[in-house]
Amino acid sequence: MTERDRPTAGGTRRLELRVPGMDCPSCAEKIRGSVEGLDGVEGMEAHVASGTLVTTYDPEVADEGAIRERVGAAGYAVADDGSELVLSVPGMDCCANEIEAALGDVDGVEGVESRPAAGRLIVSGTVDTETVVDAVEAAGYEATPVDGRDRLREPREIWRGRRAAGTAVGAVLVVAGGLLAFVAPGANPELFAVAGRSYAASHVLFVLAAAVAGAPIVRNGYYSARTHSLDIDLLMSVGILASVAAHHPFEGATLAVLFSVAELLERFSMDRARASIRELLDRSPETARIKRADGTEETVSADAVAVGDVVVVRPGERIPVDGVVREGQSAVNQAPITGESVPLDRSEGEEVYAGTIAESGYLEVEATSEADESTLARIVELVESAEREKTDREQFVDRFAGVYTPIVVLAAIVVAVAPPALAGASWNTWFLRGLTLLVIACPCAFVISTPVSVVSGITSAAKHGVLIKGGRYLEAAGESDVVAVDKTGTLTTGELAVTDVYALGGIDEDDLLARASAVEKRSEHPLGEAIVAHATELGVENDHAVAGFEALAGRGVRADLDGERHYVGKPGLFEGLVPALQRTRTDGGEAVADAPARRGGVETALAEAVVDLERAGKTAVLVGTDDRLLGVIGVADRLRPEAAWTVERLEAQGVRVVMLTGDNEGTARAIAEEIGIGEYHAGLLPEEKLAAIRRLEAESSGVVMVGDGINDAPALATATVGVAMGAAGTDTAIETADVALMGDDLSRLPYLHRLSRSANGVIRGNIWSSLAVKAILAAGAPFGVVTVIHAVVIGDMGMSLGVTGNAMRLSRVEPDRPDDRPEAG
């Protein structure tokens, strides 16, 4: 089994194929129409930007071979089929001749191309993978097949292919024929006549040009007709054949050559979009140096590294796999993952990621995942599949194109036939005008305007440590005008520490910490972890027997210590014991049902201590039993240094920033005032936080919720766009969030909003400029103002290049940093 063909839930299989020729929406629709007609195919995704086709099928009904045949039947070649096998051979250097000689004796091998510098071997012919790998290994080298995703590292040789050569020949023939027909008509002899029509030398050259340059177009048009796809290939094929048949070979040849040039340029521009994905792939090295048990080192393909292998990384090298440092220390540049270029020190026991760079020291890293399951690999896979969920604009474009093309084709037929048939007008004149409208009927530039912008924007964001899961989230983030942020772990670092301990009721501080830490030991809340860590650091002995632990969502925890019920939590949990604490409540709710009943007196000093802690921006954690309070523990968190700058920059972009927190009113107010947030909601239980988001959505055009991706998962799912902080190495955050900030860096939020707004502007500009150009050309065609040349050069080739080039501008959107601001004065 390969990574390209793997099982999924429900007994189906998922097959991923690379189809380099699938570089426009009409190509994808043609393949879709062919493959989806196969019994057993349950789903298909065509990713034009990456040139990959993902098919889900029932292995009991269909198989990989049948799917490949259907792709071929649509007129497209699968790059990773048996006719060409790409192997990674890390040890191949000056000895490539030995490998070529070894493969020369293998039956079915038709050609071998070695690329020692890249460590790649390309074998053509009809031979299975295992036979080739065995032959290479018999020559003394390790070989690993390279799957379709890794082939994206290799850009296509567009200008050296057969299509480019045929286009060049056709262009030469058109120029030669044009010189004879229009410049030197005296040197343009009549050669023969067929069906009453005379053919001069120029006519023959034009027909040859149409045949040479138009053959691939007509071939694709044939496949379009077979799959009932009214796309540009079919329209152009009809135009070329009709022109030649109607004795207009110059127009047919011109159409064939210009459209071929347009196709080549479109492939080139699409390759530029794919190059951004290749840049992500290139961040991960192809080879790794494994340290064996006997101390020897062996260089292997990065794909061959297994979980548990120890990889050696020297200064200046990229780390090939995700793993944990087992020996050594180095400053590691994590920019390929988090977008943050400031190196972080990594030493024994700390995590590192594939694609990051060990800048200053030697490391031995134990692999914790295989190469295709690394954080970087998941990022690349998510970027490649970003086209899966179409944006609202893209869905509109598809619906519009489905109506636009048939209407314009019908108009072209009417223009070509009606005036000559009804008014006796010239057939030649109106045929050419109808042909021009036929060319204009193609909505290619209009259709690719959105997906190419989405891929450009999402790939650019990934390079800067912002992982956007799909085009609709890119679109929605730019349209949302409210950013709701959680406090703990988002505006603050989440690194809580105990700052104050006040003991009451005849116990000392150590006893208070012992009781609180005993209850909190089973809690996963950051506040509880801080209390446990503080007690451990002070060496507080804890011999309490704990039973009946229960978490009280949004309020605290309780458990039985040595048979006595204890509570640790927010002041609201103890309102029955200290009514004065009710002044700190902000939600206006009723007393908590689980709170202990009042059996003691009011502890005024304790209430004042709680108020003082909250005014200082600290969180007050109370400890008590059913009938008495034992004390209060103050816990503080540190604000992120970039928090105030982020809020300022977002508000400058016209965004309303709101803080939602379950913390108390005093702490929330102190934090909000310090970083400049004018609106906050404190003391929110989880369900109240969801209600607040829904209320904000009703008041705005959308809400971007920013949280830690785990504790805030329900809130992130409820918001228009959910953004998870610090997602690097966190599978849950990467999989569940709509957008993941790979590093703990709030300054990426203004960048996300600016990029998303820029992307929406680019998409709108592409769509409306395409529509405007098509409308102008369509209006001018019936009057003879617009010719076939205008329709191809401006309406098709020009606009395709224009929308692609405009989309590529998104790659130049760079994130600002707090230290980018000019100094005062």
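**A walk through the predicted model, starting at Arg515**

In this predicted model, Arg515 touches Ile507, His544, Leu561, Glu564, His566, Arg628 and Leu630, leaving aside residues up to four places away in sequence. Arg515 itself belongs to helix H16, which spans residues 509–520. Its relative accessible area is 13%. Since buried means under 20% relative accessible area, Arg515 is therefore classed as buried.

The chain as a whole provides the setting for this residue. It contains 25 helices and 32 strands. Of its 825 residues, 55% are buried. Contacts across the sequence can also be counted: among those between residues at least 6 apart in sequence, 68% join residues at least 24 apart.

A second buried residue is Asn806, located in helix H25 (residues 788–808). Its relative accessible area is 19%, and Asn806 is buried because this value is under the cut-off of 20%. When residues up to four places away in sequence are not counted, Asn806 touches Val762 and Asn766. The C-alpha atoms of Asn806 and Val762 are 6.7 Å apart in space, while the two residues are 44 residues apart in sequence.

The next topic is the packing of two helices. Two packed helices are described by the angle between their axes and the distance between the axes. Helix H11 comprises residues 392–423 and helix H24 comprises residues 748–780; their axes come within 12 Å and cross at roughly 10 degrees. Angles under 35 degrees count as roughly parallel, and H11 and H24 are therefore roughly parallel to each other. Which residues meet where H11 and H24 are in contact? On the side of H11 they are Arg393, Val397, Phe400 and Tyr404, and on the side of H24 they are Asn760, Ile763, Arg764, Ile767, Leu771 and Lys774. Sorted by class, this contact of H11 with H24 has six nonpolar, three charged and one polar residues.

Aromatic rings offer another view of the structure, which holds six aromatic pairs. One of these pairs is formed by Phe182 and Phe250, whose ring centres are 5.3 Å apart. Their planes stand at 75 degrees, so the pair is edge-to-face. Phe182 lies in helix H5 (residues 162–183) and Phe250 in helix H8 (residues 249–281), so this pair ties together parts that are 68 residues apart in sequence. Are these two residues buried or exposed? Phe182 is exposed, with a relative accessible area of 56%, whereas Phe250 counts as partly exposed at 24%.

Phe250 also pairs with Phe206: the ring centres are 5.2 Å apart and the planes are at 65 degrees, so this pair is edge-to-face as well. Here too the pair links distant parts of the chain, with Phe206 in helix H6 (residues 201–226) and Phe250 in helix H8, 44 residues apart. Phe206 has a relative accessibility of 3% and therefore counts as buried. Through these ring pairs, Phe182, Phe206 and Phe250 are linked into a cluster.

A ring may also be accompanied by a charged side chain. Arg433 lies over the face of Trp430, at 4.7 Å from the ring centre.

Notes. Residues are numbered from 1 along each chain as its sequence is written. This is a predicted model: local features need pLDDT of at least 70, side-chain atom pairs count only at pLDDT 80 or more; totals for chains, interfaces and linings use all residues. Side-chain values use heavy atoms; hydrogens and water are left out. Axes are lines fitted to C-alpha atoms, for helices over the stretch in contact, and angles run from 0 to 180 degrees between N-to-C directions. Helices (H or I, at least four residues) and strands (E, at least two) are DSSP runs, numbered from the N terminus. Angles under 35 degrees count as roughly parallel, over 145 as roughly antiparallel, 65 to 115 as roughly perpendicular and the rest as oblique. Contact means heavy atoms within 4.5 Å. Ala, Val, Leu, Ile, Met, Phe, Trp, Tyr, Cys and Pro count as nonpolar, Asp, Glu, Lys and Arg as charged, and the others, Gly among them, as polar. Buried means under 20% relative accessible area, exposed over 50%, partly exposed in between (1.4 Å probe, protein chains only). Rings of Phe, Tyr and Trp (its six-membered ring) pair if their centres lie within 6.5 Å; planes under 30 degrees apart count as stacked, over 60 as edge-to-face and the rest as tilted. A charge sits over a ring if NZ of Lys or CZ of Arg is within 6 Å of the ring centre and within 35 degrees of the ring normal.
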